[in-house]
Amino acid sequence: MPLIDYRFLDKIVPKTKIKKSYRKLKSSYLTRVRFATALFYFGMGFCFATWASRIPDLKLSLKLSEANLGTILFALPIGQLLAMPLSGKVVAKYGSRKIAIIGLFVYVLFLSFLGLATQSWHLGLGLFLFGFFGNFCNIAVNSQGVFTQQLFDKPIMGSFHGSWSLAGFSGALLALLMLFLKLTPFQHFLVVVVLISLLILFNYKFLVKFKPQKIEVKEKTSFFKIQDTSLIWFGILSFCCMGSEGIMFDWSGVYFKEIVKAPGALVILGYTSFMITMAIGRFLSDILVRKFGSRNVLITSGIMISTGLYSAVLFPYLISCTIAFMLVGFGVSNVIPIVFNAAGNSKKVPTSIALTIVSSISFMGFLIGPPIIGYIAQMTSLRYSFAFIGIFGILISSLTYKLKLFR
């Protein structure tokens, strides 16, 4: 349980004299803590959305082919993967608050370096470092989310992940403005560096303060030796969710173009509808969990993912596929917030390491899912590949129903 120092409240309003005022001040302070944590989630998502929005410009300026760009983009997940065995231990040793502050600043700093690339290897190296330090930021900020959740009686984890999704829209809107002003990617990235630096400056004091968790050398609690087997199941659930989410990011536009035959700009309708419902679903997640329980929400989420994907396969038409992709967006929105919160509260493994284990397994789904779609589509068709991924939703529902983790 994190330790927050409320002693400053005693100096302002003694508890013994004015209990109501003390509770009011404490409640407002906790609200500010929650807002600060949400903004750090927003900052992470904003950085990633900013990078993604300028990929076409960097591709053009560096004169990269599709194959070359695909190879270079692979540097980002490689950096994330190599950081995973280290990030959990570092966050556990030095505390998520300190690493979240440093990590987010370094993350946005390396974002600006991407805009300076003049050769393909510059971009590849920058992406590797962007992914490497981004993983430290990810583990630290998610740990902050778990600790902040422990301070509240009601579920709030979904709103944090909703902030990350909201940042995707905000980053895209800023990118449109930067393109309208004809700013280069580097100038655009510098603007984001200033914005994120201000975000850190005005909110770092309100992050949860807690004693860093000590790791005994004898126990060797690490990514490679898992003492809490429930984390494996949490990882599998997250793997299925991230696999489904990954194909929507990478293949929804292609599906609408090649299978649905959507005309012109309507090609992006599937992706847009998915992103909108995923963001809305994450902000509604806390309410749903409070009313129906984590287990029921997860089972329903899996059903929605499968129903959405199989509906898109059976009825490949513009309106039906748009509704189907909206269902998938609602389905994936709840899984990660619920699973990460449950994993972060493990009693056998430090929070940061538990999150590292689960996020490592889940990230494999995000990384492997899209290529699997490509291979299956090459051998059969894109519709059959989407039908295969529909199995992931069934696994989420069936595993949640069978396991006792959420009862």
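These legends go with a few close-up views of a predicted model.

**View 1. How confident is the prediction along the chain?**
Averaged over the chain, the pLDDT comes to 82, and 87% of the residues score at least 70. Helix α9 (residues 185-203) is where confidence peaks, at a mean of 95, while helix α1 (residues 7-12) sits at the bottom with a mean of 43. Residues 1-18 have a pLDDT below 50, and this stretch makes 31 contacts in the model beyond near neighbours in sequence. Residues 214-224 are also below 50, with 20 such contacts. Where pLDDT is low, don't read the predicted coordinates in detail.

**View 2. Lysine 63, out in a loop.**
Look for lysine 63 in the loop between α3 (55-61) and α4 (66-73). Its relative accessible area is 77%, so lysine 63 counts as exposed. Serine 120 is 57 residues away from lysine 63 in sequence, yet their C-alpha atoms are 8.9 Å apart in space.

**View 3. Glutamine 80 and what it touches.**
Here we're in helix α5 (residues 75-94), home of glutamine 80. Is this glutamine 80 buried or exposed? Buried: its relative accessibility is 18%, and the cut-off is under 20%. Leaving out residues up to four places away in sequence, glutamine 80 touches Gly131, Phe132, Asn135 and Phe363.

**View 4. Helix α15, end to end.**
Helix α15 (residues 382-402) has 21 residues, so at 1.5 Å a residue it should span 30 Å. The C-alpha atoms at its ends are 31 Å apart, which agrees. Buried residues in α15 include Leu382, Phe386, Ile389, Gly393, Ile396 and Thr400. In an α-helix, residues three or four places apart point the same way, because there are 3.6 residues a turn.

Key
Residues are numbered from 1 along each chain as its sequence is written. This is a predicted model: local features need pLDDT of at least 70, side-chain atom pairs count only at pLDDT 80 or more; totals for chains, interfaces and linings use all residues. Side-chain values use heavy atoms; hydrogens and water are left out. pLDDT is the predictor's confidence in each residue, from 0 to 100. Helices (H or I, at least four residues) and strands (E, at least two) are DSSP runs, numbered from the N terminus. Contact means heavy atoms within 4.5 Å. Buried means under 20% relative accessible area, exposed over 50%, partly exposed in between (1.4 Å probe, protein chains only). The expected span of a helix is 1.5 Å times one less than its number of residues.
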